[in-house]
Amino acid sequence: PQGITQLPALADLLTPEGFNLDKVAEMIDGSELGMLQKTGLKTALSSAQDNPELLSDVLAQIKSALGM
């Protein structure tokens, strides 16, 4: 099943090592989150992308919001 192979890849995107801004933004856009929450997460993400310590925190927030 395709869904099973995608889960580890999605989890990898939510680590500082596997992070990809475009793919994580797509993941947020495709989620069930409200528009305000999506915008807030993506704004935090883009401001944290060049700061590894901050990025780790933002990715943790995204994981939590997405129920991962």
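This report walks through a few linked features of the structure above, which is a predicted model.

**Helix α2 and its two sides**

A good place to start is helix α2, which spans residues 21–29. At its N-terminal end sits a cap: a side-chain oxygen of N20 lies 3.0 Å from the backbone nitrogen of D22. Within the helix, V24, A25, M27 and I28 are buried. Looking down the axis of α2, you would find these buried residues within an arc of 155°, so they line one face of the helix. D22 and E26 are on the other side of α2, and they are exposed.

**The nonpolar core**

From the buried face of α2, we can move to the core. In soluble globular proteins, nonpolar side chains tend to be buried together. Here the largest nonpolar core has 14 residues. Those with the most contacts inside this core are V24, L45, L59 and I62. Helices α2, α3 and α4 (52–65) each supply at least two of the core residues. Which helix gives the most to this core? That is α4, with four residues.

One core residue is worth a closer look. I62 lies in helix α4. Is I62 buried or exposed? Its relative accessible area is 0%, so I62 is buried; the cut-off for that label is under 20%. Leaving out residues up to four places away in sequence, I62 touches L14, V24, I28, L41 and L45. Two of these partners, V24 and I28, also belong to the buried residues of α2. As for backbone positions, the C-alpha atoms of I62 and A44 are 9.9 Å apart, while the two residues are separated by 18 residues along the chain.

**A salt bridge between α2 and α3**

Charged residues give another link between helices. How many salt bridges are counted in this model? The count comes to one. D29 and K42 form a salt bridge, with their closest N and O atoms 2.6 Å apart. This pair joins distant parts of the chain, since D29 is in helix α2 and K42 is in helix α3, 13 residues apart. Neither partner counts as buried: D29 is partly exposed because its relative accessibility is 41%, and K42 is partly exposed because its value is 28%.

The accessibility values given in this report can be set side by side:

| Residue | Relative accessibility | Class |
|---|---|---|
| I62 | 0% | buried |
| S31 | 15% | buried |
| K42 | 28% | partly exposed |
| D29 | 41% | partly exposed |

**K38 and S31**

K38 is another residue of helix α3. What is the nearest side chain of opposite charge to K38? It is D29, 5.4 Å away, and K38 is buried yet has no salt bridge. K38 does have a polar partner: a polar atom of its side chain lies 3.3 Å from the backbone oxygen of S31. Not counting residues up to four places away in sequence, K38 touches I28, D29, S31 and L33.

S31 itself is found in the loop between α2 and α3 (35–48). With a relative accessibility of 15%, S31 counts as buried. Leaving aside neighbours within four places in sequence, S31 is in contact with K38 and L66.

**Putting it together**

Helices α2 and α3 are thus linked in more than one way: both supply residues to the largest nonpolar core, and the salt bridge between D29 and K42 also joins them.

Notes:
Residues are numbered from 1 along each chain as its sequence is written. This is a predicted model: local features need pLDDT of at least 70, side-chain atom pairs count only at pLDDT 80 or more; totals for chains, interfaces and linings use all residues. Side-chain values use heavy atoms; hydrogens and water are left out. Buried means under 20% relative accessible area, exposed over 50%, partly exposed in between (1.4 Å probe, protein chains only). Contact means heavy atoms within 4.5 Å. A salt bridge is a side-chain nitrogen of Lys or Arg within 4 Å of a carboxyl oxygen of Asp or Glu. A nonpolar core is a set of buried Ala, Val, Leu, Ile, Met, Phe, Trp, Tyr and Cys residues joined through side-chain atoms within 4.5 Å. Lys and Arg count as positive and Asp and Glu as negative; His and the chain ends are not counted. A polar contact is a pair of N or O atoms within 3.5 Å; within protein, one must be able to donate a hydrogen and the other to accept it, and residues adjacent in sequence count only if both atoms are side-chain atoms. The arc is that of the directions from the helix axis to the C-beta atoms.
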